[in-house]
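Dear colleague,

I am handing over the structure we spoke about, and it is placed just below so that you can keep it open while you read. My notes on what was found in it follow after that.

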Amino acid sequence: MGTTHRVVSTAPARETGAEPIIELRDVTVAFEDQIVLEDVSFTVYPGMFVAIIGPNGAGKTTLIRTILGLVKPVKGEVRVFGKPAWTLKEERKRLGYVPQILSVDLHFPITAGEVVLMGRYARVGLIRRPSSEDVRIAREAMARVGVEGLWDKPFGKLSGGQRQRVLIARALANTPELLVLDEPTTGVDVAATQTVYSLLREFHAEGMTILVVSHDVGVVANFVDTVACVNRRLVAHGRPHEVLGSEELAQMYGCDVAYFHHGRVPHIVVEPVEREEVASD
Ligand SMILES: Nc1ncnc2c1ncn2[C@@H]1O[C@H](COP(=O)(O)OP(=O)(O)O)[C@@H](O)[C@H]1O
Ligand SMILES: [Mg+2]
């Protein structure tokens, strides 16, 4: 605790002068004795498209869960839509969430349409049956991500890419201002990954604020306007071209990161180095 750390560049300038949609100040999260996030300060303004990257176990999912008010920090402040994250009530309707681990049992006999309708529960309440309006919105959300034909299909029988799009449709069914996705393309092929990010880019162009945790460093750089590198602490935060070439990123992954442009597509070549060459903290 208390170690100073360097943050490459700062968050993008607040061009709009709007209030932050997400604001973390000196946030520390611990499970029992293990500090998982330490002194993280991080701000997202409306209209930003932010990727959170970092190695496995870096605390990315914990950061997302903290923002969603599912984990309470031991220190610091987390505000979402201007309110402490763990006090959100009505504001939850303004937020769509695609969790990392599939929250639907693949053997459970549920159709893709029913999965998307679950996204309406924040509005419908669990007691009331979905209205025809809910069904219309759910179908629209599926059409939006190109899976309208799967309405009656068993969710467990879909391909990985189809499943991810159904889960995104579920998050969209709440017409969120803020969409939070935790590794939405894990286990999905390259083409479907591109489709998912292209969709996110469309939503962003329409004004949605997007926060996505990703492993696909090379892919996200083409889509997002801000990258936050997390490895227990916020290691770097800024525009993709600034952050992804940084020494901090190399340190974070414990390896050399060669970064170069090839047309407009950045490539990252990661070369493992001997463990002892890497400064550990
Ligand atoms: N609910 C929990 N209880 C105890 N430890 C947890 C919990 N959630 C995450 N952790 C631990 O916190 C660390 C960060 O996990 P996580 O946020 O899932 O990382 P990432 O998403 O970057 O892979 C890991 O060491 C993990 O084991
Ligand atoms: Mg995770």
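Please keep in mind throughout that this is a predicted model. Of the contacts in the chain with a separation of 6 or more, 63% are made by residues 24 or more positions apart. The chain contains nine helices and twelve strands, and 40% of its 281 residues count as buried.

The first element to look at is an open sheet of six strands, which run in the order β6-β7-β8-β3-β9-β10 with mixed pairing. The edges are taken by β6 (95–98) and β10 (233–238), and because each of these has a single partner strand, one side of each is left without a neighbour in the sheet. From one strand to the next, the twist averages 15 degrees.

At the β6 edge, the partner is strand β7 (residues 178–182), and the two pair in the parallel sense over four bridges; within this pair, Tyr 97 stands opposite Val 180 in β7. Helix α5 (residues 160–172) packs on the sheet here, where it touches β6 and β7, and its direction makes about 160 degrees with that of β6. Helix α6 (residues 190–205) also packs on the sheet, touching β3 (49–53), β7 and β8 (209–213), with its direction at about 155 degrees to that of β8.

A second set of strands can be followed from β1. Strand β1 (residues 22–31) pairs with strand β2 (residues 34–44) in the antiparallel sense over seven bridges, and in this pairing Ala 30 stands opposite Ile 35 in β2. The two form a hairpin with two residues between them, and in the turn Glu 32 has a positive phi of about 50 degrees. Strand β1 also pairs with strand β4 (residues 75–80), again in the antiparallel sense, over five bridges, with Thr 28 standing opposite Lys 75 in β4.

Finally, which residues surround ligand 1? They are Phe 31, Val 36, Gly 54, Asn 56, Gly 57, Ala 58, Gly 59, Lys 60, Thr 61 and Thr 62. Helix α1 (residues 60–67) supplies the largest share of this shell, namely three residues. Sorted by class, the shell around ligand 1 holds three nonpolar, six polar and one charged residues.

With best regards

Notes: Residues are numbered from 1 along each chain as its sequence is written. Chains are lettered from A and ligands numbered from 1 in the order in which they are written. This is a predicted model: local features need pLDDT of at least 70, side-chain atom pairs count only at pLDDT 80 or more; totals for chains, interfaces and linings use all residues. Two strands pair if DSSP finds at least two bridges between them. Axes are lines fitted to C-alpha atoms, for helices over the stretch in contact, and angles run from 0 to 180 degrees between N-to-C directions. Two residues are in contact if their C-beta atoms, placed from the backbone, lie within 7 Å. A residue is near a molecule or strand if its C-beta atom, placed from the backbone, lies within 6 Å of it. Ala, Val, Leu, Ile, Met, Phe, Trp, Tyr, Cys and Pro count as nonpolar, Asp, Glu, Lys and Arg as charged, and the others, Gly among them, as polar. A residue is buried if 20 or more other C-beta atoms lie within 10 Å of its own, exposed if 12 or fewer, and partly exposed in between; C-beta atoms are placed from the backbone.
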